[in-house]
Amino acid sequence: MLQLNNPSLLKKSLFINGKWLKSKITTTVTNPFDNSTISTVSLCDKKQCNDAITYAQTAFKSWREFTAKQRSNLLYKWYELILANKKDLAQIITYEQGKPLAEALGEIVYGASYIQWFAEQAKRIDGDIIPPPNSDQRIACIKQPIGVVACITPWNFPNAMLARKIAPALAAGCTVVCKPSELTPLSALALTELSRQAGIPTGVINILMGDAAMIGKQFCASKIIKKLSFTGSTAVGKLLAAQCVDTLKRITMELGGNAPFIVFEDANIDSAVEGLMASKYRNSGQTCVCTNRILVQKPIAKIFKQKLIDAVKSQLVVGFGANKDVTTGPLINQQACLKVDELVNDALKKGAQIDYQDTTREGNLYPPTVLSNVSAQMEIAQQEIFGPVAIIIEFDNEQQALEIANNTDAGLAAYFFTQDYRRIYRVSEALEYGMVGINSGIISNEMAPFGGVKQSGMGREGSKYGLDDYLEIKYICLGGINS
Ligand code: NAP
């Protein structure tokens, strides 16, 4: 049972124009560990969805007039309240999403760091004075908020993915209508309640749960909404991008990945195993930047595999995330387990072998697994596994490793381990990815630009670039200076 110190954080309703609104239609939120019911939440209808968009437009007119410092102060207040309530927020994540408490706490601090960062960046939306081509004119550029922004987020980071979108939007002077995943709405609602307590004005943040296709269509068709920021699967991202064509909305797409993790023969093997454990098994393998394919150079393949198996055996404890010592929680639902099973079985049929598999298999718990003899052509190497299954592909040389690594439509994160400084330059420049980790399995933070290339999306979240997507540049020309 969820036991919050601050029970006001457990909300069950839609949040529209500063009010918590119940509706007749509801859905249950379940604990992925045992499928028990945690709560029921309201789902919106078409009218409530449109109302939220209209209220966000009204709020935009006044929010954009707040000074940067006022917006910054409110974001700071929100950030402080999130940290003050981090244990409760982490507990909500563990119960509705499944990740262990320590990891959930990490997500809260990570999500909050974007709010703190954009509270700072809100004061740095500088314009330009540009030298004019003739003495009679002066040229200036100012940056203005794009308008109402729609945010759609997935279940795997139910707090941080939303924080990473709302924070830059509000810093820029935009207002938002958000749709978190129906599987994990409680984290979004708790975050919103804290924004209300922080004093963020009515209508600036609106949260809707409901029929995803209906809400998606309403968002995309709306002329009021000027930008859609989506994090989720590539398939849904493509659908939404197509739906945005009629209104020519600006879009940010944070989509799926297929991260290669390349271990060269000159790597420090122990630190490569450590990096892999972090990037493969975090969130039970359910992150967009999780290692998907482990590429190991042949001369070190045997020793690397043994060290990996030792680490998996000795470090991972599968179970309910609220229990002490558990490192690997359940997958989000049974469907997710079946999909991982399908990929593993297909690989086994085509010649892969299981080198290690944990014995715990109950409910939605998926046993940490290590597979070798995998080929780059197998389905398991082509798709996002989204489960705690490590697959090892062996390679002969750098050229071959790069060919395998780049032979995918995805281009989000890639990792490699080497101690050769020349290879560091060659390989990091040749990898067709938006983010590259060298001798490091954890790369995401609020100061760095997060995002992908190819079919992993467009736009960047975080960093000094993260505000650009929420701003329009206006060019102002003043003539007649000499008259
Ligand atoms: P998903 O099925 O695409 O869902 C993402 C969001 O889209 C959810 O809120 C979902 O709502 C909503 N949605 C589903 N169908 C929709 C439609 N027709 N119109 C509008 N919205 C719709 O993805 P997921 O399974 O939740 O998340 C996992 C995926 O997200 C993975 O591919 C992962 O790599 C990717 N991801 C990417 C990043 C990144 O930054 N690049 C970060 C995290 C995750 P419901 O859940 O309520 O159906």
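A polar contact is taken here as a pair of N or O atoms within 3.5 Å, with the added conditions within protein that one atom must be able to donate a hydrogen and the other to accept it, and that residues adjacent in sequence count only if both atoms are side-chain atoms. The structure is a predicted model, in which local features need pLDDT of at least 70 and side-chain atom pairs count only at pLDDT 80 or more, whereas totals for chains, interfaces and linings use all residues. Residues are numbered from 1 along each chain as its sequence is written, and side-chain values use heavy atoms, with hydrogens and water left out.

By the criterion for polar contacts, an oxygen atom of the ligand lies 3.0 Å from an N or O atom in the side chain of lysine 179. Two glutamates also approach the ligand through polar side-chain atoms: that of glutamate 384 is 2.5 Å from a ligand oxygen, and that of glutamate 254 is 3.4 Å from a ligand oxygen. Of the 900 Å² of accessible area that the ligand has on its own, the protein covers 85%, with areas obtained by the Shrake-Rupley method with a 1.4 Å probe.

The ligand is surrounded by 29 residues, of which the closest are Thr153, Ser181, Ser233, Leu255 and Glu384; a residue is assigned to this shell if one of its heavy atoms lies within 4 Å of the ligand. The shell comprises 16 nonpolar, eight polar and five charged residues, where Ala, Val, Leu, Ile, Met, Phe, Trp, Tyr, Cys and Pro count as nonpolar, Asp, Glu, Lys and Arg as charged, and the others, Gly among them, as polar. At least two shell residues come from each of α5 (160-172), α7 (212-221), β10 (225-231) and α8 (234-243), the elements being DSSP runs numbered from the N terminus, with helices (H or I) of at least four residues and strands (E) of at least two.

Threonine 234 is found in helix α8, and a polar atom of its side chain lies 3.3 Å from the backbone nitrogen of glycine 256. Threonine 234 counts as buried because its relative accessibility is 19%, given that buried means under 20% relative accessible area, exposed over 50% and partly exposed in between, with a 1.4 Å probe and protein chains only.

Most residues other than glycine have a negative phi. Serine 284, in the loop between α9 (269-281) and β13 (291-297), nevertheless has a positive phi near 55 degrees, and this serine is buried, with a relative accessible area of 2%. Serine 463, which lies in the loop between β19 (457-458) and β20 (471-478), likewise has a positive phi, of about 70 degrees, and at 1% relative accessibility serine 463 is also buried.

Further residues were considered through their C-alpha separations. Methionine 447, in the loop between β18 (435-438) and β19, is exposed, with a relative accessible area of 54%, and its C-alpha atom is 7.5 Å from that of tryptophan 117, although the two residues are 330 residues apart along the chain. Methionine 435, by contrast, is placed in strand β18 and is buried at a relative accessible area of 9%; its C-alpha atom is separated by 27 Å from that of serine 187, 248 residues apart along the chain. Isoleucine 53 lies in helix α1 (residues 46-63) and is buried at 2% relative accessibility, with 18 Å between its C-alpha atom and that of serine 181, 128 residues apart along the chain.
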